[in-house]
Amino acid sequence: MSAAYTPQPLTQQTLHPEDEGPFPDLAQTQPRHKTAALTLVSRATQIKERGLLLLFFACAIVAVLGVVLIFAFVAYQASGVFPNIGFLKFITGTKWSVAHSQFGVVPFIVGSVVVTIGALAIGAPLAIMTALFLSEVAGPRARAVIRPAVELLAGIPSVVYGFFGVTVVAPLVARLFGGAGFGPLTAWIVLSIMIVPTIAMLSEDALDSIPMGIREASFAMGATQWQTIYKVVLPAAKIGIIDAVILGMGRAIGETMAVLMIVGNAPQMFAGLTKPIATLTSQIVLGMSYAADDFRTALFGMAALLFLISMCLVLIVRLLSRTGKEG
């Protein structure tokens, strides 16, 4: 008879790492290969990464310095408003006459406000509804056509919008409402089209950032698509939509070339939708080429006002964004 088989204890068996199975702690042997020591990053790589860091920092500093230098230059050039013209006369005056050295900017401030508010009243609802359609309603095919068309509006030069206003909108306004066709109403129509891409694209991004689970929960509660949009999606994205509207306001109040061509450029107070007026931007462009002495100082004062208005709009957007994140 052959000798009886005597099994070896498990602790005496030689187990390789690849044979450990679900019980690696039973292996009694050392790994075949020792762990290689970690290799430190080379000196050349460290220098390259530090150089890229400095490059990025320099780019950021250039942007900040650009804003600071522009503001300093405009403020310095506009500082003559205080001793030469008188700040109160400048900021509260309603008469603008270079021949009589009267430089009151109230008509231009009112004109800018009227043009901007009217453009927002028309353009903001149109842009928000466009964003809602693209984000919540449109299918892939419709979105593939409409979204590029809206984005294309942002790429059209301002002078083309102005030419469209002069040749198409102004004659139409004159035929329907009388007058020459140049004034706030024409500016409203043209500017409302110009601000649609800015508000629509940013509003769509705000709507797309809302988690899909919120919509699904609303549908599960029996809400219709419109009820979900109106009562759930819009309130959830309201901070982003408000930011988009404020940025569109900045686009409208800072527009120059198109407004210059269609607003009429009359330095007078607002007297009607079809009466010519002037804005801060249009008056600066008209007068800067031949301005001198106090007239030049007054134009720089108007530029400083525009700069401050833009800063206030950006600050409002930042505050609203911070409020939305905290909420």
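Start with the whole chain shown as a surface: about 20000 Å² is exposed, and carbon and sulfur atoms supply 68% of that area. The model is a predicted one. Switch to a cartoon view and the chain shows 13 helices and two strands. Of its 327 residues, 33% are buried. Take the contacts between residues at least 6 apart in sequence: 69% of them join residues at least 24 apart.

**Stop 1: α4 and α7**

Select residues 106–137, which form helix α4, and residues 184–208, which form helix α7. Two packed helices are described by the angle between their axes and the distance between the axes. Here the axes come within 6 Å and cross at roughly 35°. The crossing of α4 past α7 is right-handed. Colour the residues of this contact by class and you will find 22 nonpolar, five polar and three charged.

**Stop 2: α4 and α5**

Keep α4 and add residues 140–155, helix α5. How do these two axes cross, and within what distance do they come? The angle is roughly 145°, and the axes come within 10 Å. The α4 and α5 crossing is left-handed. On the α4 side, select Thr130, Phe133, Leu134 and Ser135; on the α5 side, select Arg143, Ile146, Arg147 and Val150. By class, this contact of α4 with α5 holds four nonpolar, two polar and two charged residues.

**Stop 3: Ala244 in α10**

Go to residues 238–253, helix α10, and pick out Ala244. Is Ala244 buried or exposed? Ala244 has a relative accessibility of 1%, under the 20% cut-off, so it counts as buried. Leaving out residues up to four places away in sequence, Ala244 touches Ile199, Leu202 and Ser203. Now add Ala200, which is 44 residues from Ala244 in sequence; the C-alpha atoms of the two are 7.7 Å apart.

**Stop 4: Pro276 in a loop**

Next, select Pro276, in the loop between α11 (257–262) and α12. Pro276 is partly exposed, at a relative accessible area of 29%. Draw a C-alpha to C-alpha distance from Pro276 to Val263: it reads 5.9 Å, for a pair 13 residues apart along the chain. Which residues does Pro276 contact, leaving aside its neighbours within four places in sequence? They are Phe182, Gly183, Val263, Gly264, Ala266 and Gln268.

**Stop 5: Two residues of α12**

Move on to helix α12, residues 280–288, and select Gln283. Gln283 is buried, with a relative accessible area of 8%. Apart from neighbours within four places in sequence, Gln283 is in contact with Trp96, Phe108, Ala278, Leu299 and Met302.

Then select Met288, also in α12. Met288 has 33% relative accessibility and counts as partly exposed, whereas Gln283 is buried. With neighbours within four places in sequence set aside, Met288 contacts Leu299 and Phe300. Leu299 is thus a contact of Gln283 and of Met288. Met288 and Phe300 lie 12 residues apart in sequence, with 9.0 Å between their C-alpha atoms.

**Stop 6: Positive phi at Ser101 and Asp293**

Most residues other than glycine have a negative phi. Select Ser101, in the loop between β1 (96–97) and β2 (102–103). Its phi is positive, near 55°. Ser101 counts as exposed, at 51% relative accessibility; the cut-off for exposed is over 50%.

Asp293 also has a positive phi, near 55°. Where does Asp293 lie? Asp293 is found in helix α13, residues 293–326. At 66% relative accessibility, Asp293 counts as exposed.

**Stop 7: Cysteines**

Finish with Cys59 and Cys312. Cys59 is partly exposed, with a relative accessible area of 47%. Cys312 is also partly exposed, at 45% relative accessibility. How many disulfides are there, if one requires a pair of cysteine sulfur atoms within 2.5 Å? The count comes to zero.

Note on methods. Residues numbered from 1 in each chain as written. Predicted model: local features only at pLDDT ≥ 70, side-chain atom pairs only at ≥ 80, totals over all residues. Heavy atoms only, no water. Axes fitted to C-alpha atoms, helices over the stretch in contact; angles between N-to-C directions. Helix = DSSP H or I, 4+ residues; strand = E, 2+ residues; numbered from the N terminus. Left-handed = near helix turned anticlockwise from the far one by under 90°. Nonpolar A, V, L, I, M, F, W, Y, C, P; charged D, E, K, R; others polar. Buried < 20%, exposed > 50% of the residue type's maximum accessible area, 1.4 Å probe, protein only. Contact = heavy atoms within 4.5 Å. Disulfide = S-S within 2.5 Å. Areas by Shrake-Rupley, 256 points an atom, 1.4 Å probe, with all protein chains shown as cover.
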